[in-house]
Amino acid sequence: MSEPDSAVTTLAEKIDALFRVVRRPNREPYSNEDVARACREVTGESFSATYLWQLRTGRRDNPTKRHLEALAQFFQVPVAYFFDDEAGREIAEELELLGALREAGVRSVALRAVNLSPEGVGTISDMIDVIARRERDRDDPPRD
């Protein structure tokens with residue numbers, strides 16, 4: 001279950017998250033112009049890089065449904081990502097996972113875990129939790 005506070009994200013945050021996680025095959029990020037051009041081709045409507053930048057930064061927050069559908073199509077996410085809070089949370093979590101898997105070390109661990117039994121995967125998961133807790137405790141000094 002997701003944290004309630006993290007569930008509330010703005011349209012700008014959702015769009016910007018797509019740019020951070022969804023990359024070109026060479027792992028370079030897409031530019032506003034790349035995405036705007038693709039959206040213009042899909043919608044046949046006006047869709048400039050400036051307009052997209054405004055959406056990403058929250059300076060504009062009321063795009064047409066057609067523009068959001070074009071963005072969803074470009075980034076290959078369901079359009080519900082923008083409209084449905086629960087679906088948006090789930091898709092955002094999947095995007096975070098995809099972003100983490102892009103990191104070579106995480107990908108290597110995940111690929112090696114594929115051959116483990118469910119019990120082995122559970123053990124690795126428990127170990128990760130313990131290490132994460134220790135690192136968090138080390139970074140957060142105790143409060144008096």
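In this predicted model, the axes of helix α3 (residues 32-43) and α5 come within 9 Å of each other and cross at roughly 120°. The crossing of this pair is right-handed. On the α3 side, the contact is made by Val-35, Ala-38, Cys-39, Val-42 and Thr-43. On the α5 side, Arg-66, His-67, Ala-70, Leu-71, Gln-73, Phe-74 and Phe-75 take part. Sorted by class, the contact of α3 with α5 has 8 nonpolar, 3 polar and 1 charged residues.

Helix α5 spans residues 65-75. Its buried residues are His-67, Leu-68, Ala-70, Leu-71, Ala-72 and Phe-75. Of these, His-67, Ala-70, Leu-71 and Phe-75 also appear in the contact with α3. The packing partners of the buried residues of α5 are α2 (11-21), α3, α4 (49-57) and α6 (80-83). Just after α5 comes Gln-76, with a positive phi of about 60°.

Phe-75 and Gln-76 also bring in the second largest pocket, since both are listed with Val-22, Leu-95 and Leu-98 as the lining residues that lie nearest its centre. The pocket holds about 200 Å³ of space, and its lining comprises 13 residues. At least two lining residues come from each of α5 and α7 (85-102). The helix that gives the most is α7, with 4 residues. In the lining, 10 residues are nonpolar, 1 is polar and 2 are charged.

The class make-up of the helix contact and of the pocket lining is set out below.

| Set of residues | Nonpolar | Polar | Charged |
|---|---|---|---|
| Contact of α3 with α5 | 8 residues | 3 residues | 1 residue |
| Lining of the second largest pocket | 10 residues | 1 residue | 2 residues |

Phe-75 thus links the topics above: this residue is buried in α5, takes part in the contact with α3, and lies among the residues nearest the centre of the second largest pocket.

As for the chain as a whole, the protein has 9 helices and 0 strands. Read from the N terminus, the order of elements is α-α-α-α-α-α-α-α-α. The chain has 144 residues, and buried residues make up 26% of them. Among contacts in the chain with a separation of 6 or more, 47% are between residues 24 or more positions apart.

Terms used. Residues are numbered from 1 along each chain as its sequence is written. This is a predicted model: local features need pLDDT of at least 70, side-chain atom pairs count only at pLDDT 80 or more; totals for chains, interfaces and linings use all residues. Side-chain values use heavy atoms; hydrogens and water are left out. On a 1 Å grid over the protein atoms alone, a cavity is a set of points where a 1.4 Å probe fits but cannot get out, and a pocket is an open set with protein on both sides within 12 Å along at least five of seven lines; lining residues have an atom within 4 Å of a point. Grid points are joined across faces, edges and corners, and a volume is the space filled by probe spheres set on the points. Ala, Val, Leu, Ile, Met, Phe, Trp, Tyr, Cys and Pro count as nonpolar, Asp, Glu, Lys and Arg as charged, and the others, Gly among them, as polar. Axes are lines fitted to C-alpha atoms, for helices over the stretch in contact, and angles run from 0 to 180 degrees between N-to-C directions. A crossing is left-handed if the near helix is turned anticlockwise from the far one by less than a right angle, and right-handed if clockwise. Contact means heavy atoms within 4.5 Å. Buried means under 20% relative accessible area, exposed over 50%, partly exposed in between (1.4 Å probe, protein chains only).
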